[in-house]
Amino acid sequence: MPETSAGTLTAPTKPAKQRPGGTLYRGREGMWSWVLHRITGVAIFFFLLVHILDTALVRVSPEAYNAVIGTYQTPIMGLGEVALVGAIVFHAFNGLRVILVDFWTWATRHQRFLFYLVVALWLVTMLAFVPRHLINVFSH
Amino acid sequence: MTTIEAPRTPTRPAPKRGVNWEKWGWIYMRVSGVVLLVLIFTHLFANLMVGDGVKAIDFGFVAGKWAHPFWQWWDVAMLWLALIHGANGMRTIVNDYTNPGTVQKLLKWALLASTVALIVLGTLVVFTFEPCPAGSPAELLPSFCTAV
């Protein structure tokens, strides 16, 4: 500390603590879209591992495949499929948003608006899918 | 004006000569992502929205689809593109949350091994599929098995 005067030590000037909301991304739509992209991506990845293995049972026997695919047709798994499709649809639309933000300066400036567009498109897609799927799962 | 520090400084700069694999990985995520959107949305529509949806899926349903090379190639394309896309995404996450060392190496080898194994398995399953296995009850098989 070179600047000491009359025996007093001046505190080093620290940069003011930044509020998370004070930047373009942190704590805002950009950050949450990133968080959701990551979580949905990991979830879809682990489902994919299982899905390849369960489909591979068609090579074992019709009985083995029908047994495992039967578990996909139960009410609980039916709700799980709603979550899975929800994750896929968000990851898909937000992925397009990421590409647009990367390549198009207008989209970079309006990434926040595009996040809400992704949410809106997600809602529309899920409104088309969920009732139809739940009718299939809970009827018969 | 708020300055934001670069979140991560690369430990190694991009190579000046040869293939820039990180760049091609970045491009792959975007190109495969767009193709996968079409492939998977169609897959979900055909399997969950048409007819009785998930309730209609059984061995005969799969056999009916894979009787057409179109759906065989569709599913194999999904398998390769999606699994490599997913594994590369997981690699990014491993890079973000682990330090270079044994654990990181182990996780990346596990990703590579499971990806290669499942791609080989899935591709073989689609192209060596037997729609009318001998000795199976006819009611479990697609209708075209009895026509012969």
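## The main core

Let's start inside chain A: the largest nonpolar core has 9 residues, namely Ile44(A), Ile88(A), Val89(A), Phe90(A), Ala92(A), Phe93(A), Leu114(A), Phe115(A) and Val118(A). A nonpolar core here is a set of buried Ala, Val, Leu, Ile, Met, Phe, Trp, Tyr and Cys residues joined through C-beta atoms within 7 Å, and buried is short for having 20 or more other C-beta atoms within 10 Å of a residue's own, with C-beta atoms placed from the backbone. Helix 3 and helix 5 of chain A each give two or more residues to this core, and helix 3 of chain A gives the most, with 5. (Helices are DSSP runs of H or I, at least four residues, numbered from the N terminus.)

This is a predicted model, where local features need pLDDT of at least 70, side-chain atom pairs count only at pLDDT 80 or more, and totals for chains, interfaces and linings use all residues. Residues are numbered from 1 along each chain as its sequence is written, while chains are lettered from A and ligands numbered from 1 in the order in which they are written.

## Two helices crossing

How do helix 1 and helix 3 of chain A pack? Their angle is about 130°, with axes 9 Å apart. That makes helix 1 of chain A oblique to helix 3 of chain A, a label for angles from 35 up to 65 degrees or over 115 up to 145.

## Where the chains touch

The contact (C-beta atoms, placed from the backbone, within 7 Å) takes 35 residues from chain A and 35 residues from chain B. On chain A's side, helix 1 of chain A brings the largest share, 10 residues.

Key:
Contact = placed C-beta atoms within 7 Å. Buried ≥ 20, exposed ≤ 12 C-beta atoms within 10 Å, placed from the backbone. Axes fitted to C-alpha atoms, helices over the stretch in contact; angles between N-to-C directions.
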